[in-house]
Structure formats: structure tokens, C-alpha cells
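User: Please take one part of this model and look at it closely, then set it in the context of the rest. I would like the answer as one connected account.

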Amino acid sequence: MVVASSLPELVDKMNGLQGDGSVNLSAVGEAASAYDRQIERGAPYDDEQLRRIALVRQWKGDRLRTCKFQKILEPKAGPLMAIREFIISRKSLGGIQTDLDSRVLDTRGEPIAGLYAAGEAAGFGGGGMNGLRGLEGTFLGGCVLTARRAAAALAR
Amino acid sequence: MGTTPLHCDTVVIGGGLAGIVATLELLSAGKRVVLLDRDSEENFGGLAKESFGGILVVGSDEQRRARIRDTPELALQDWLAFGEFDPADRDTWPRRWAEAYVNSSEGEIYRWLKKHGINFLPLPLWVERGDATRGNSVPRWHVVWGTGRGLMLQLIACLHNHPHRDLLTLHFGMRVDGLIENGRRIVGCRGDSEATNLPFEVRADSVLVATGGINGSIERVRRHWHADWRTPPQTILNGAHKFADGTVHDAVQAVGGNLTHLDRMWNYAAGVHHWRPRKPEHGLSLVPPRSALWLNWRGERIGPKPLVTGFDTRDLVTRICAEERQYSWQLLNRKIALKELAISGAEFNPSIRNNSKLGLLRDLIFGNHWLL
């Protein structure tokens with residue numbers, strides 16, 4: 001993260017952080033001013049980000065944590081900040097294929113006697129219960145459900 | 001562990017949320033359990049203990065109080081759309097599990113957790129609303145009071161206080177790398193002590209693998225990188241558990257187990273390096289501020305449709321990986337940071353972690369001063 005009181009200073013620090021001169025001051029300046037101009041013009045917004053901010057602010061759980069159309073370059077809101085962000089590995093959505101009793105299945109779809117799998121190891125169920133995307137909260141929930149189903153089968 | 005191999009009804013491999021929940025239930029059923037964990041006892045609880053602690057529940061008391069109308073049918077439609085399931089294909093195991101989840105979340109997950117002393121924040125949050133595909137139609141993300149850390153500490157306490165605690169043997173620092181077969185039946189597991197490399201064996205009537213995912217091995221993450229995301233970025237931070245490295249996945253495959261969809265991952269777009277790393281390329285996931293401008297490596301606003309968190313987390317990763325340099329910048333100011341900047345996870349949300357209701361209220365109204 002870099003912090004600065006002016007945009008040229010900020011962009012200099014961004015370039016310092018990432019090692020070459022790729023961050024272009026006029027690109028950053030144009031992005032920020034265009035966005036701030038939209039806020040200045042007021043609703044209804046052409047900008048998709050502002051429309052989404054308006055949308056999420058309708059749910060009280062999100063309103064508390066979302067600014068009300070905050071301009072980037074507003075002096076009183078400063079200093080300016082920039083955070084460099086990388087892709088970060090977190091959860092496997094695939095894994096060991098299991099049936100609804102959490103029994104591990106072989107490549108022909110038959111249960112392997114004595115072997116069970118639960119939680120993220122089983123892709124949270126069936127080797128990939130979430131499909132391509134998770135609705136969020138299905139990971140901890142999936143651990144509980146697959147584990148309870150395994151134990152229930154083992155207890156029978 | 002000694003030279004005599006242990007024997008029990010079930011050996012549970014992995015002391016995370018799944019392993020601990022299964023053990024609690026097995027003890028209640030009067031079964032003798034050996035639970036093996038690869039980490040030290042102070043880290044008992046796996047990745048769940050470091051998580052923010054949100055759980056998807058359909059039909060909770062909190063939803064009812066907030067007048068949210070949710071049903072398993074609605075949740076399933078959202079789930080199948082967001083996960084890009086083929087609607088005509090009803091017989092896959094993922095599909096069957098998705099149906100089981102939405103139908104059982106209230107009874108088998110939510111009520112069970114409450115019975116074990118877990119409570120939730122009063123207002124469910126609305127996440128993954130969907131972008132190109134439909135996502136959550138209503139708020140159904142319930143955050144545990146105490147975060148994932150509170151969740152795990154409570155369940156571990158339940159374990160130690162279980163009426164059948166004497167039926168449980170816990171061993172830490174144990175790395176399982178093989179399953180023992182007798183004909184076509186699995187009868188135990190083997191491995192080495194992490195500290196001493198001395199070998200061990202546990203014999204059991206059944207084995208439960210609860211060892212987490214493969215995302216703790218960045219080498220495996222790169223190997224199974226999804227085609228939607230082009231080639232793996234130069235820098236991929238590690239936000240998973242260091243021991244979730246696929247060792248036991250390999251052991252399961254070696255005895256014929258089927259591994260599927262390893263290229264499907266829940267990775268995040270806004271990772272930063274941890275300032276006190278506990279593993280190589282240790283990263284923290286930021287909650288990307290909604291009011292920040294998301295820029296590419298050149299400082300241009302990513303578009304034409306801007307990136308905004310809360311709709312489709314996977315799509316954020318896809319769009320950044322489509323850039324020439326696969327990292328990004330977020331541009332914001334102090335006012336935005338105070339209100340919106342957060343680090344995802346238990347470590348950095350002291351008010352929720354310490355069950356401080358006043359502290360949480362103060363942070364929401366006055367901002368995250370403690371973070372800055």
C-alpha cells in the first residue's frame with residue numbers, strides 16, 4: 001500500500017513499489033476525475049460501479065459498510081491511497097468424489113469399502129458440490145453437512 | 001505414538017471443521033475414534049479457525065426476523081445458476097449434494113450449530129449477488145459471533161467436554177501419506193511424525209479423510225489452473241492452509257478413489273502479502289472496498305464494466321487474469337479506507353472475534369481506525 005497527498009506523488013510511489021514506470025499518471029487521473037464527475041452530476045448514474053453502490057446501500061447490512069458516493073480526489077477525504085493486489089489461493093471446489101453418505105467412490109462410481117471423505121477434501125461434497133462458483137458460506141456449511149452425513153452412515 | 005499400532009472404530013484424518021464435527025457425532029454414537037492432525041495442538045481447528053465465519057443457511061431465525069423470504073427452491077435455483085450446473089444433468093453427485101444442502105441447511109447445519117453453542121450476527125449479509133449469472137437472490141450469509149475462530153474454539157471445547165471423551169484419542173503432528181488396504185477394503189492409514197519422521201500406523205474399521213483442499217500447495221494450484229484464467233500469474237499468494245497440500249488426495253487416488261474438478265477453485269482477487277509470514281508467499285485476502293477504483297497494472301480503470309466486489313468473486317479473478325500483467329491496483333482515499341477496508345478472516349476482526357458487540361458497533365459507526 002502506498003499513501004500520498006497528491007496524485008502525481010501517489011503514482012510515483014506506485015511505480016516505485018512495482019519496479020518500472022508502467023503506472024500511467026494520466027490514465028489514473030482520467031479514471032479518478034471521470035468517476036468524480038459522475039458523482040458530481042448526481043443520480044441517475046451512468047457508471048455501473050455507482051449504480052451497484054446505490055444497489056448495495058439498499059440492504060442495511062451493507063449500507064453501514066459502504067460509502068455514500070465518495071469522490072476519490074476530494075481533498076478532505078485524503079490522503080490518497082493505492083493498494084497493489086494479487087491473486088490469492090484459498091479454497092478447492094473440487095476433490096474426492098463422495099456419495100450422500102460421504103463414502104468415497106472409485107472411478108467406476110462404486111463406494112470403496114471402509115473409506116469416507118468430508119469437508120474441503122471432498123469438494124465440500126460429491127467432489128464439487130458448488131459447481132464453478134460458491135454462493136459463499138457453503139464451505140463451512142458443507143464441512144458440517146458432509147461430516148454429519150459421514151458419521152451418521154458410520155453409526156448405522 | 002509407540003510401537004503398537006492403534007486400533008479403533010474410525011480414524012479421522014484431519015482436525016479441521018469437518019474432522020471435529022464428525023468426531024463429535026461419532027463419539028455421541030459410542031464409537032472409538034482416533035483423530036490425527038498434522039499441525040501442532042495450538043493450531044487445532046484447521047483453516048476454519050482463521051476464517052471470517054460466514055455460513056449459508058436457508059430459513060434461519062435471523063432471516064425471518066429481517067423479513068427475508070427464502071426457500072430451498074429459491075436457493076437451489078440460485079445455486080445451480082451461479083455454479084453453472086447443466087440444468088438437464090440431475091444425476092451428478094455435486095447436484096445431489098447441492099439439493100441436500102439447501103434442503104438440510106436449517107435442520108442439519110444451523111440447528112446443530114446452535115445446539116453446540118454457536119450464535120450468529122443478527123443481520124444476514126448479502127454476498128455473491130451474481131453478475132453475468134444469477135447469484136444469491138436474498139441475503140443468506142450468516143456470520144458467526146466470534147468468527148471462524150470462535151466457531152472452532154467452541155466446537156473443540158465441546159469435544160473436550162464430550163461425555164464419551166474417553167473414547168477419543170488425539171494425536172498431533174502426524175502426517176498421513178498412505179491408506180492401508182486389506183483386499184478391497186480400507187483398514188487404516190500410515191504416515192510419519194512431522195517432527196521426528198518416525199513412522200506410525202493406525203488400524204480401523206473405517207477411515208474418514210478430512211484433510212482440507214489442495215490450495216495450500218501453490219504448485220498444485222498452478223498445475224490445475226482453470227482454462228478461464230489463462231496461464232497462472234507470476235505471483236499467486238497463499239491464503240490456504242499450509243498442510244492442505246494434496247498429500248492425502250494422492251493416497252486416496254492410489255487406492256482407486258476418484259478425484260474430480262480439481263481445476264475449480266475459490267481464489268480471491270485482492271490478496272496482499274502478510275507482514276508476518278508463516279509460510280512462503282503467505283497472503284491475506286482484503287475485502288476489496290466497493291468505493292475504490294479498480295485499476296489494471298497500467299493504472300487504467302478495468303472495464304468497460306468496472307470491477308465491484310460482492311457480485312461474482314470468481315469473475316474478479318477472471319478479469320484480472322485477462323490483463324497482460326495479472327495483478328491490479330485499488331485506488332482510494334482515507335475516508336473510504338476507514339469505512340470499507342477490511343481484511344477477511346478471524347485474525348483481523350477483533351470486535352467480532354472477541355464477541356464485543358459494543359466494539360463492533362463502534363467500528364461500524366466510527367470506522368476501522370484500528371486497522372489503519
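Analyst: Domain bounds here come from an automatic or database domain assignment. The model is predicted: local features need pLDDT of at least 70, side-chain atom pairs count only at pLDDT 80 or more, and totals for chains, interfaces and linings use all residues. Residues are numbered from 1 along each chain as its sequence is written, and chains are lettered from A and ligands numbered from 1 in the order in which they are written.

The part chosen is Ser89(A) and its surroundings, and the account starts with the chain that carries it. Chain A is divided into domain 1 (2–82) and domain 2 (103–155). Taken over C-alpha atoms, the centres of domain 1 of chain A and domain 2 of chain A are separated by 42 Å. Chain A has five helices and five strands (DSSP runs numbered from the N terminus: H or I of at least four residues for a helix, E of at least two for a strand). From the N terminus on, their order is β-α-α-α-α-β-β-β-β-α. Chain A has a radius of gyration of 24 Å, well over the 15 Å that the globule rule gives for 156 residues, so this chain is more spread out than a compact globule (the radius is taken over C-alpha atoms, and the rule is 2.2 Å times the number of residues to the power 0.38). Along the principal axes, the C-alpha atoms of chain A fill a box of roughly 65 × 40 × 25 Å.

Ser89(A) lies in strand S2 of chain A. Ser89(A) has 28 other C-beta atoms within 10 Å and is therefore buried (buried means 20 or more such atoms within 10 Å, exposed 12 or fewer, partly exposed in between, with C-beta atoms placed from the backbone). Measured against the chain as a whole, 52% of the 156 residues of chain A count as buried. Ser89(A) is 11 residues from Gly78(A) in sequence, and their C-alpha atoms are 32 Å apart in space.

The partner of S2(A) is in the other chain. Strand S2 (residues 80–92) of chain A pairs in the parallel sense with strand S9 (residues 236–238) of chain B, over three bridges (a pair needs at least two bridges found by DSSP). Ser89(A) takes part in this pairing, with Asn238(B) in S9(B) as its bridge partner. Leaving out residues up to four places away in sequence, Ser89(A) touches Asn215(B), Ile218(B), Val221(B), Ile236(B), Leu237(B), Asn238(B), Gly239(B), Ala240(B) and Asn267(B) (contact means C-beta atoms, placed from the backbone, within 7 Å).

These contacts belong to the interface between the chains. The interface takes 91 residues from chain A and 125 residues from chain B. On the chain A side, the largest share, 14 residues, comes from helix H5 (residues 138–155). That side of chain A has 47 nonpolar, 29 polar and 15 charged residues (Ala, Val, Leu, Ile, Met, Phe, Trp, Tyr, Cys and Pro are nonpolar, Asp, Glu, Lys and Arg charged, and the others, Gly among them, polar). H5(A) is mostly covered, with 15 of its 18 residues buried.

On the other side, chain B comprises 11 helices and 15 strands. Its radius of gyration is 22 Å, which agrees with the value near 21 Å for a compact globule of 372 residues. The C-alpha atoms of chain B fill a box of roughly 65 × 50 × 45 Å along the principal axes, and 49% of its residues count as buried.

Chain B is assigned domain 1 (6–209) and domain 2 (218–287 + 293–331). The C-alpha centres of these two domains of chain B lie 23 Å apart. Their contact takes 19 residues from domain 1 of chain B and 14 residues from domain 2 of chain B. Strand S6 (residues 174–182) of chain B gives five residues, the largest share of the domain 1 side.

Asn267(B), one of the residues touched by Ser89(A), leads to another pairing, since its number falls within strand S11 (residues 265–273) of chain B. S11(B) pairs with S12(B) in the antiparallel sense over three bridges, and His273(B) has Gly283(B) in S12(B) as its bridge partner. S12(B) also runs antiparallel to strand S15 (residues 342–343) of chain B, joined by two bridges; there Leu286(B) stands opposite Ile343(B). Four of the five residues of S12(B) (residues 283–287) are buried, so this strand is largely enclosed by the rest of the structure.

Terms used
Two residues are in contact if their C-beta atoms, placed from the backbone, lie within 7 Å.
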